[in-house]
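Please look over the model below. This report starts with one sheet, moves to the contact between chains, and ends with the second chain.

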Amino acid sequence: MKKLLLAAAAAALLTCTWQAPASAEYLKEHRGGTMRLLARSAAGTLDPHINYTLQYWQIFQPLYDGLVAFRKAEGKDGFKIVADLAEDMPTVSNDGKTFTFKLRKGIKFSNGQDVTVKDVVASYQRIFKVSGPTSGTFYAGIVGADKCLADTKSCTLEGGVTADEATGTITINITKPDAEFIDKLAMPHAVILPAGTPTEDAGSNPIPGTGAYTISAYDPNKGMTLVRNPHFKQWSEEAQPDGYPDVVQYDFGLTEEAAVTAIQKGEAEWMFDQPPTDRLVELGTKYMDQVHISPLTAWWYAPLNTRLAPFDNEKARQAVAYAVDRNTLVNLFGGKVLATPVCQVLPPDFPGHEDYCPFTKNPGAKWSAPDLDKAKQLVEESGTKGQKVTVIVEDTAVSRSIGVYLQSVLTSIGYVADVKPISSNIQFTYIQNTNNKVQMSVSQWYQDYPAASNFLNILFSCASFREGSDASINISGFCDKDIDAKMQKALELGVTDQDAANKLWAEIDKAVTDKAPAVPLFTPKHVDFVSKRLGNFKFNAQFYWIVTQSWVQ
Amino acid sequence: MSSDVVTVPRKTRGPWALAFAKLTGNKAAMAALTVFVLIVIACFSAPLYARWAGVDPFSSTLDAVITIDGQDVPVMEQSTEGLGLGYTPLGPTWRLGNYFLGADNQGRDVMARMLYGGLNSLLISAVATVLTLILGTTTGLVAGYFGGVTDTVLSRLLDILWAFPIYLLAISLSIVMIAQGITIGPITIESGSLWLPIIIIGIVYVPYVARPIRGQVLSLRNSEFVMAAVNLGVPGSRILWRDILPNITTTLIVFVPLMMALNMLTESALSFLSIGVQPPAASWGTIIQDGQALLYTRPIVALAPGIAIAISVMALNVFGDGLRDALDPRSKVRLGRD
């Protein structure tokens, strides 16, 4: 609780000190123009309470607001939470189980309607009414959430979310202290929508928001048009800054190759998809001023099924971890400029990360080289030599390459291996379902919010494993009661002492790494290729490029 | 000098000899056959080529270095200019046995993979053709000869199979089978087996063969020689085997190259979509898929198998046309009158 109060106070102070200079930085001479963005395809529903894709989360940033928000700032400053529709960070009481917000006055939705506390209560209820994908995880700790999850349509969150119209306060009660609850409220799934919003998936119909922009047209087969919200008046530059372009035109349908060419010709400003690998050399030499490379808090890994032979044997898993050459994988991804070899779960510079690399030629802090002799020895000792292993990968050029490489590594240490690329549309759910008996796969995890638990607890806790379900994100089926208990302890400790919690998370990271339920491969970097005329590029570690903070004139 | 001319009776050639003569006289068909045979020979020499070149076409060789004109050249070259982004595989050296067509994005010799890929494509299309012909002919014979309920049931089943878009059906079957294989009674086919694309392709084209065969059998069923055999009490199976099957043989022979060409295209398409031949094994379709990621820098990786497919399919089609002309009874009449 102490930590939350301090954080709230610090954030409030930061809000006050930040606003003045930041507002002055807005350069009016760059205001205006049309910015054209490109993506291979649309990313599903426009409903911010439902959509769970990076592509639309990025575009929701200038459209919607929550009570709190991740700061619209460059780099890791973007991990900081600031007050958004709330006047200030919440007052935390009741041993960290009650959060009280005061709603700002005078804010309107893009349809002209005032934002009231009723909208806030209705929005939190709506998360459950539309069966939002994180309603059972992120928001399951709200008092009354259990009833809402059991009967979504009649959800009231009684005792969980209450509002006082007279004072403009909203009180949220949770069942037990949660150090990450504020992070969860800052996610797009908890943005505030008008109380009258239908309690069903909005699909292709834009829902009014409070952000600087609003969607004026949308066709999932063609594109999306964002125009200025006529009712927007900036209240906090770090939470919801005014944007530069008058119009953002987001077009769908061009391949990555075509998108690169369009940007080179100045016909578009930016592409969502990563540039194809065969264009990287050209971009890195002829267009280096237009390329931005940014580190990500993400993880490419190869989950090993701890409930199926041969990887139900710890030595067999460690053998694969020893054998995989991370440098080769980095090269397959595009070279060391675009990726960094890793040996553990938590990405570098992440809360709780302490360099640790046990499965390498010279075990220590960093990865050096594969140790094939040790790997072969472990395979012999495990008694699994000669067993058949199938690696399931996504049907994309990079994943297929990694799969083929892993197949050759497995063969070289004594397994009979093959690799199966399956459609990207189904691979992620396919590898989660135990009925498919996947022994090994290649997957990626991109953080939802910056907390160690978002990697370790989500990917490797017993609760994240669900037999026979497509939503069993603990793909390895790893469940260690001792490690699980430590994770619970770290989660509880985070409420009062985040530094101590991070130390514990570092221990947990090492313990999980030692058990090798997955082979850590590399941490990727993000490539943004932009047009020559695009200025003021800012990359936010949480939601990536801040679209409307760049200018085109 | 006697003016009497001794007439030597002209020896009548059999229908097969006439067809052979007609076929060998068709220059386009013979040229196509020659091209196809050369492709087959080249593909079957794949293991020899790989051994001679000293390459492993199925393993990643990203760190490999080869010698060209006394200089060491990395198979995968990392960009060192500008931002140092990306790798470029070696381009064609045009030297047989030394990355003739360059390397793919795994540093593997494209020429060696082309030959192995061709071998798989040819094997799959040939065996799938045999399977299609066996299933299609059996179905067509039974449906056409026995008629009635048998014909109705089989014809509707063929209609259902026919109604499905071929690629959608093939993709659906592939997704079900490719990841985990299939078990039919005592027979288990592993997920990586070439039998899976063979079975999938063999099944989806059954109506293409069965329907024309059924039509021909329906016509033969009412012919005088079959009616005579029926009236004499000859068993149906014997009539099918001894009287009807020989009369549809020419149709089946014509089907062989045409179905093989069609199957080769289907196999390539399925492998391109990752639901045919599975990596690291190669087929021309998988090599095109690998080359898709290199279209801008190394287009040869996608172009070479594309050209190989086009030439093979064209050769088979031209030869198939020649074969049809040669086996056409009306052609035989014309040949006999010459």
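In chain A, 5 strands build an open sheet with mixed pairing, ordered β8-β9-β10-β1-β11. Strands pair here if DSSP finds at least two bridges between them. Helices (H or I, at least four residues) and strands (E, at least two) are DSSP runs, numbered from the N terminus. The edges of the sheet are β8 (213–219) and β11 of chain A; each has a single partner strand, so one side of each is left without a neighbour in the sheet.

This is a predicted model: local features need pLDDT of at least 70, side-chain atom pairs count only at pLDDT 80 or more, and totals for chains, interfaces and linings use all residues. Residues are numbered from 1 along each chain as its sequence is written, while chains are lettered from A and ligands numbered from 1 in the order in which they are written.

**Strand β1 of chain A**

Which strands does β1(A) join? It runs parallel to β10 (residues 247–252) of chain A, with 6 bridges between them. It also runs parallel to β11 (residues 270–271) of chain A, with 2 bridges. The bridge partners are listed here.

| Residue in β1(A) | Partner | Partner strand |
|---|---|---|
| A:Leu37 | A:Tyr250 | β10(A) |
| A:Leu37 | A:Trp270 | β11(A) |
| A:Leu38 | A:Met271 | β11(A) |

Strand β1 spans residues 34–39 of chain A and is mostly covered, with 5 of its 6 residues buried. Buried means that 20 or more other C-beta atoms lie within 10 Å of the residue's own; exposed means 12 or fewer, and partly exposed lies in between, with C-beta atoms placed from the backbone. In a regular strand, side chains alternate between the two faces of the sheet.

**An annotated span in chain A**

An unreviewed UniProt entry annotates residues 80–464 of chain A as "domain: Solute-binding protein family". UniProt positions follow the numbering used here, feature names are shortened, and annotations may be inferred rather than shown by experiment. In the model, residues 80–464 of chain A are 27% helix and 19% strand. The end C-alpha atoms of that span are 27 Å apart.

**Where the chains meet**

The contact takes 34 residues from chain A and 28 residues from chain B. Two residues are in contact if their C-beta atoms, placed from the backbone, lie within 7 Å. On the chain A side, the elements giving two or more residues are α7 (277–286), α9 (326–333), α11 (397–412) and β16 (416–422). This side divides into 14 nonpolar, 13 polar and 7 charged residues. Ala, Val, Leu, Ile, Met, Phe, Trp, Tyr, Cys and Pro count as nonpolar, Asp, Glu, Lys and Arg as charged, and the others, Gly among them, as polar. For the complex, the predictor gives an ipTM of 0.77 and a pTM of 0.82.

**Chain B**

Chain B has 13 helices and 6 strands. Its radius of gyration, taken over C-alpha atoms, is 26 Å, well over the 20 Å that the globule rule gives for 338 residues, so chain B is more spread out than a compact globule. The globule rule is 2.2 Å times the number of residues to the power 0.38. Of the 338 residues of chain B, 41% count as buried.

The unreviewed UniProt entry marks "transmembrane region" stretches in chain B, including residues 28–50 and 122–148. Residues 28–50 of chain B are 96% helix, with end C-alpha atoms 33 Å apart.

Chain B averages a pLDDT (the predictor's confidence in each residue, from 0 to 100) of 88, and 92% of the residues score at least 70. Over residues 332–338 of chain B the pLDDT is below 50. Where pLDDT is low, the predicted coordinates should not be read in detail.
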